[in-house]
Amino acid sequence: MGIFDFFKKDKKRENSEKSTHKSNQPEDLDDYTKDMIKSADFFISKNSDRFSGLDYSVKSLEVVENALDEASDFYDEMNDKQKENLIKTVGSYVFEVGRKNFGGKYFWYDKLNQPILVTGQPNFEVSILAFDKVKGRLENGIEDNIPFYFAGYVERVKNKESGMIV
């Protein structure tokens with residue numbers, strides 16, 4: 001039994017996910033995934049002039065780290081809506097790096113009131129909570145380093161080890 005058995009899919013959803021991996025065409029994706037892509041693309045469009053290299057590669061998370069380092073200097077001065085939008089767009093980008101490179105499916109995680117990306121089903125289940133980690137990076141500084149965090153996810157996926165990366 002996996003950690004995320006409560007996410008078990010029915011056959012219709014499994015077939016939908018399989019078709020998602022065959023093509024990256026937007027019409028093949030569910031609405032939630034389209035929203036994540038749109039939010040991540042917004043982050044790129046607003047920041048590509050200042051921070052080059054936002055190409056959805058794992059290496060691009062170093063660029064994200066630099067952007068968050070800069071944003072953390074004025075994060076406390078932002079209003080709640082600005083903070084929420086920053087966390088959502090950057091978190092969506094981090095999620096999309098995971099999904100585009102390692103696959104997976106988005107779910108809503110009620111317990112923490114945020115999205116979660118689950119990769120590896122049905123053989124194993126590795127999940128990440130990018131919104132919490134981005135918020136932590138902005139509030140706590142380098143101790144919540146995004147590339148280091150993501151490396152834990154990559155290691156588990158490559159080793160096919162179930163777990164939640166928090």
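The protein exposes about 9,400 Å² of surface, and carbon and sulfur atoms supply 47% of that area. Keep in mind as you look around that this is a predicted model. Of the 166 residues in the protein, 49% are buried.

**Overall build**

Six helices and four strands make up the secondary structure. Reading from the N terminus, the order is α-α-α-α-β-β-β-α-α-β. How far apart in sequence are the residues that meet? Taking contacts between residues at least 6 apart in sequence, 61% join residues at least 24 apart.

**The largest pocket**

Next, a look at the empty space. The largest pocket holds about 380 Å³. Its lining counts 17 residues, and those closest to the pocket centre are Ile-87, Asn-113, Gln-114, Pro-115 and Phe-131. Four elements give two or more residues to this lining: α2 (31-47), α4 (80-102), β2 (114-119) and α5. Which of the elements gives the largest share of the lining? That is α4, with six residues. Sorted by class, the lining has seven nonpolar residues, seven charged ones and three polar ones.

**Two buried residues**

Two positions are worth a visit on your screen, and the table sets them side by side.

| Residue | Place | Relative accessibility |
|---|---|---|
| Met-36 | helix α2 | 4% |
| Asn-145 | loop between α5 (130-140) and α6 (146-159) | 19% |

Start with Met-36, which sits in helix α2, one of the elements that give two or more residues to the pocket lining. Is Met-36 buried or exposed? Its relative accessible area is 4%, so Met-36 counts as buried. Apart from neighbours within four places in sequence, Met-36 is in contact with Ser-92, Phe-95, Glu-96, Tyr-106, Pro-115 and Phe-131. Two of these partners, Pro-115 and Phe-131, are also among the residues closest to the centre of the largest pocket. Tyr-106 lies 70 residues from Met-36 along the chain, yet the C-alpha atoms of the two are separated by 9.0 Å.

Now move to Asn-145, in the loop that links α5 and α6. Why does Asn-145 count as buried? The cut-off for buried is under 20% relative accessible area, and Asn-145 counts as buried because its value is 19%. The side chain of Asn-145 reaches the backbone nitrogen of Phe-148 at 2.8 Å. Setting aside residues up to four places away in sequence, Asn-145 touches Glu-65 and Arg-137.

Methods. Residues are numbered from 1 along each chain as its sequence is written. This is a predicted model: local features need pLDDT of at least 70, side-chain atom pairs count only at pLDDT 80 or more; totals for chains, interfaces and linings use all residues. Side-chain values use heavy atoms; hydrogens and water are left out. Buried means under 20% relative accessible area, exposed over 50%, partly exposed in between (1.4 Å probe, protein chains only). Contact means heavy atoms within 4.5 Å. Accessible areas come from the Shrake-Rupley method with a 1.4 Å probe; for residues, only the protein chains shown count as cover. A polar contact is a pair of N or O atoms within 3.5 Å; within protein, one must be able to donate a hydrogen and the other to accept it, and residues adjacent in sequence count only if both atoms are side-chain atoms. On a 1 Å grid over the protein atoms alone, a cavity is a set of points where a 1.4 Å probe fits but cannot get out, and a pocket is an open set with protein on both sides within 12 Å along at least five of seven lines; lining residues have an atom within 4 Å of a point. Grid points are joined across faces, edges and corners, and a volume is the space filled by probe spheres set on the points. Ala, Val, Leu, Ile, Met, Phe, Trp, Tyr, Cys and Pro count as nonpolar, Asp, Glu, Lys and Arg as charged, and the others, Gly among them, as polar.
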